[in-house]
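Student: I should like a close look at a single part of this model. Please describe chain B and the side of it that touches chain A.

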Amino acid sequence: MLKKTSIIFAIAGILAMAFLSIWTPPASAWTTYRLRVINFGGDYFYNYDFGSPDDPPSRLNVDWPVTMMFTGNANINKVKKIYWGLAGPLQASPMHMKLNDGAGWVWDSDRGTKSLGLVNCHLRLYADSDDRLYNLTWGYFVIGTSHYDYYELNPNHYHGLSEAAEAELSNKAEGSGYVWFVDRDCIDMNNNEPYREETDENGVIRHLWMNDRWATQVQLW
Amino acid sequence: MRKKCLMLLIIILLAVTVIGFGQGIASAQQGAGTTSMRTISINPEEIDPDYVAEPDIKIPALTEDEEKMALEIALGDPRVQELLSGKKYEVCAIGVVHTTELVKTGAGILLCLDKAYEIEYDWPYTVYNDKLSTLEDKVFHENLSVQTLRVIVNFQQKKVEVISPLSQNINM
């Protein structure tokens with residue numbers, strides 16, 4: 001009897017893990033009129049990430065503005081080590097970026113890296129298939145979007161303040177051994193968002209926009 | 001002879017290492033020297049073959065009268081007054097609240113406090129009731145560090161709908 005119960009629990013556990021590994025929470029879509037393609041030393045990417053990897057990319061389907069550029073000798077895993085490691089499927093849902101490093105347009109998706117607590121600082125990172133982009137000016141680089149998640153386990157959760165999250169991420173990068181220098185607010189992303197708040201499809205306010213147009217460069221060793 | 005070859009190999013390796021390191025420094029210094037780098041922004045339709053230009057969307061904005069009204073309602077709310085009592089603050093930002101269909105529904109006001117305060121409070125918020133298909137007022141009891149107060153004013157009901165704490169200093 002005990003053996004049978006154990007087997008049932010084991011199967012349930014495996015099924016739960018399989019479900020969690022493929023399950024992603026539903027994502028809402030948010031709106032901006034500042035969607036642009038950025039030419040970064042000959043490589044192209046959008047100045048916002050997207051709620052879903054749908055072509056054509058839409059101003060009505062964005063998530064957060066690009067606020068961070070990790071340059072020099074960056075790759076996605078290395079940058080996540082500076083912060084809180086890889087965010088798990090229960091911690092964060094993936095968002096999407098469309099980019100082109102000369103080999104054609106591709107979509108990348110990422111859950112990012114995220115702090116723990118009632119209020120979480122959340123950074124998502126994007127590059128192409130080898131987890132880094134390259135050009136002669138910037139070396140190996142990856143693109144990041146930033147925001148805070150407030151009280152996510154509660155029904156009153158809301159998200160935003162990209163600019164303040166950028167400042168916290170810059171401070172944390174400065175104190176890590178991976179980084180040569182941090183140049184704050186130095187790259188024009190053309191994605192300034194004066195303070196505004198957007199409701200979800202049910203009318204509950206969820207998305208708190210606030211960003212200047214200048215991304216921070218973090219140069220890695 | 002073998003010793004000489006070994007020495008030569010070591011010298012070559014050292015030279016390669018030094019040159020490589022130098023190039024690394026040079027390229028990094030190139031980055032470090034640029035403090036205000038401008039990227040070239042391009043409209044998506046100019047470059048992405050899959051991008052289809054959408055109708056020019058317009059994010060709604062607050063009029064001056066709406067800003068005044070929102071401030072009056074927010075600062076006149078007894079809960080906001082209670083939370084601000086005895087604290088120095090300034091109005092850091094006022095912005096529109098809108099739906100995903102870009103309909104203006106209210107205003108958000110960010111009140112920056114002079115320092116972080118620990119505040120235990122029944123923080124009011126709204127939640128969607130699936131069964132009734134309406135928004136309900138609720139409270140969220142928590143002791144939190146507050147550097148900025150976020151106050152949401154509903155224009156239709158002319159009342160404060162949400163008061164929530166932000167632990168960040170949001171002065172940009």
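Tutor: What follows treats the chain itself and then its contact. This is a predicted model in which local features need pLDDT of at least 70 and side-chain atom pairs count only at pLDDT 80 or more, while totals for chains, interfaces and linings use all residues. Residues are numbered from 1 along each chain as its sequence is written, with chains lettered from A and ligands numbered from 1 in the order in which they are written.

Chain B contains four helices and five strands (DSSP runs of H or I, at least four residues, and of E, at least two, numbered from the N terminus), arranged along the sequence as α-β-α-α-α-β-β-β-β. Of its 172 residues, 23% are buried, that is, 20 or more other C-beta atoms, placed from the backbone, lie within 10 Å of their own.

The mean pLDDT of chain B, the predictor's confidence in each residue from 0 to 100, is 83. Among its elements, helix α1 (residues 2-33) of chain B has the lowest mean, 52, and helix α3 (residues 64-76) of chain B the highest, 98.

The contact (C-beta atoms within 7 Å) takes 46 residues from chain B and 47 residues from chain A. On the side of chain B, the elements that give two or more residues include α1, β2 (89-98) and β3 (104-129) of chain B; β3(B) gives the most, with seven residues. The predictor assigns the complex an ipTM of 0.85.

Terms used: Buried ≥ 20, exposed ≤ 12 C-beta atoms within 10 Å, placed from the backbone. Contact = placed C-beta atoms within 7 Å.
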